[in-house]
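This report covers one protein chain, from its overall make-up to selected helices and residues. The structure is shown below, and the description follows it.

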Amino acid sequence: MSKYVLKRLLIMIPTLIAVGIIMFTLMNFVPGDPAQLALGAGTHTPAEIEMKRAALGLNRPFMVRLGEYLKNIFLHFDFGKSLIDGTEIKWELMRRFPHTFKIAIYSIVLTVVIGLPLGIYTAIHQNTWKDTAGMIFALFGTSMPNFWLGLMLIIIFSLKLGWFPTGGKGGLSSLVLPAVTVGFGLAALITRTTRSSMLDVLRQDYMTTARAKGCSEKQVITVHGLKNALIPIITAIGLQMSLVITGSVLAETVFSWPGIGRLVYDSISKRDTPMVTGAIIMCSILMCIINLVVDLIYAFFDPRIKAQ
């Protein structure tokens with residue numbers, strides 16, 4: 001197991017280097033002048049802009065800047081400073097990450113609490129009105145845009161009823177609407193995945209054998225059925241966890257939530273190249289780690305994977 005983990009960690013290195021090269025290249029060749037944006041609004045002479053470019057190091061060749069950037073990140077874990085306000089990118093990401101992590105945890109808990117039981121329930125009652133109702137919910141959840149749901153929740157529960165704040169970081173009440181906005185669509189996806197996986201398991205011979213041996217229907221479903229259906233479900237949950245924990249841009253923008261997704265959105269609009277690149281690399285590291293953890297969880301639930 002330790003060799004496998006070490007191998008996966010080593011594979012992360014070229015992956016992250018490739019991500020850094022791609023993001024740095026894309027952000028350097030999009031339209032707009034970072035030096036002019038860094039100077040702020042107003043009219044600036046070409047000399048002032050050129051001086052700012054020299055101060056930011058933008059007048060050096062692209063390959064030199066790229067090599068220096070990758071060296072600072074992967075050798076010194078130094079993501080540089082923001083072009084706009086000079087903030088240390090590493091500390092800014094660490095300050096923002098806990099806020100995104102809160103939304104991720106609450107939305108994933110909501111996803112599992114709703115999606116897993118509903119998927120099992122619809123699989124057990126296949127081709128009935130209960131199954132149809134569950135699948136309508138899943139179709140509605142997967143097809144509904146996050147930003148539209150977020151706006152509807154704000155209008156109903158914030159402006160009309162006044163139960164929750166419209167946005168911003170506050171107490172537990174400020175987490176409810178963003179978590180529901182993110183988790184609702186994920187719950188619908190987990191419902192579909194669980195139903196499909198459980199239907200495959202329910203047709204297996206060992207399920208009939210378990211019933212013949214006198215096991216209760218609850219034991220048959222939870223012990224023999226769900227455990228063997230968990231691999232696709234864990235894959236879906238792990239994938240969604242990777243996406244949510246690296247920043248839900250639309251939800252964080254709608255609710256003015258100070259997370260990584262909102263930071264990336266603001267930095268792209270200001271063409272803050274180092275901040276965007278640093279945030280994407282940090283998100284890539286988190287995604288690689290989460291995927292590794294998911295693979296290790298596979299071995300816990302399925303001994304055949306561990307043996308391989």
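Of the 308 residues in the protein chain, 41% are buried. The model is predicted. The chain holds 14 helices and zero strands, and its pattern along the sequence is α-α-α-α-α-α-α-α-α-α-α-α-α-α. Along the principal axes, the C-alpha atoms fill a box of roughly 85 × 55 × 30 Å. When contacts between residues at least 6 apart in sequence are considered, 73% of them join residues at least 24 apart.

**Helices α7 and α8**

Helix α8 covers residues 173-202. With 30 residues at 1.5 Å a residue, α8 should span 44 Å, and the computed separation of its end C-alpha atoms, 40 Å, agrees with this. The helix has a kink of about 30°, and the centre of that kink is G183. Most of α8 is covered, with 21 of its 30 residues buried.

Helix α7 takes in residues 146-160, 15 residues in total. From first to last C-alpha, α7 reaches 20 Å, which is close to the 21 Å expected at 1.5 Å a residue. A bend of about 25° occurs in α7 at I154. I154 is also one of the buried residues of this helix, the others being L149, G150, L153 and S158. The partners against which the buried residues of α7 pack are α8 and α11 (249-254). After α7 comes G162, which has a positive phi near 70°.

The table sets the two helices side by side.

| Helix | Residues | End-to-end C-alpha distance | Expected span |
|---|---|---|---|
| α7 | 146-160 (15 residues) | 20 Å | 21 Å |
| α8 | 173-202 (30 residues) | 40 Å | 44 Å |

**A residue in α8**

I190 belongs to helix α8. Is I190 buried or exposed? Its relative accessibility is 1%, so I190 counts as buried. Leaving out residues up to four places away in sequence, I190 touches T111, G115, L116, A236 and I237. Its C-alpha atom lies 7.3 Å from that of G119, although I190 and G119 are 71 residues apart along the chain.

**The contact of α5 with α12**

Two packed helices are described by the angle between their axes and the distance between the axes. For helix α5 (residues 89-124) and helix α12 (residues 260-269), the axes come within 8 Å and cross at roughly 130°. The two helices are therefore oblique to each other. On the α5 side the contact is made by E92, L93, R96, F97 and T100, and on the α12 side by I260, G261, R262 and L263. Sorted by class, the contact of α5 with α12 has four nonpolar, two polar and three charged residues.

One residue from each side of this contact can be described further. R96 sits in helix α5. With a relative accessible area of 12%, R96 falls under the 20% cut-off and is therefore buried. Apart from neighbours within four places in sequence, R96 is in contact with P258, G259, I260, R262 and L263. Of these, I260, R262 and L263 are also among the α12 residues that make the contact with α5.

On the other side, G261 is placed in helix α12. The relative accessible area of G261 is 2%, so this residue is buried. G261 and V244 are separated by 17 residues in sequence, and by 9.3 Å in space from C-alpha to C-alpha.

**A residue in α13**

L296 is located in helix α13 (residues 273-301). Which accessibility class does L296 fall into? At 30% relative accessibility, L296 counts as partly exposed. L296 and M51 are 245 residues apart along the chain, and their C-alpha atoms are separated by 52 Å.

Methods:
Residues numbered from 1 in each chain as written. Predicted model: local features only at pLDDT ≥ 70, side-chain atom pairs only at ≥ 80, totals over all residues. Heavy atoms only, no water. Axes fitted to C-alpha atoms, helices over the stretch in contact; angles between N-to-C directions. Helix = DSSP H or I, 4+ residues; strand = E, 2+ residues; numbered from the N terminus. Parallel < 35°, antiparallel > 145°, perpendicular 65-115°, else oblique. Contact = heavy atoms within 4.5 Å. Nonpolar A, V, L, I, M, F, W, Y, C, P; charged D, E, K, R; others polar. Expected span 1.5 Å × (residues − 1). Bend = angle between axes of the 7 residues up to and from the residue. Buried < 20%, exposed > 50% of the residue type's maximum accessible area, 1.4 Å probe, protein only.
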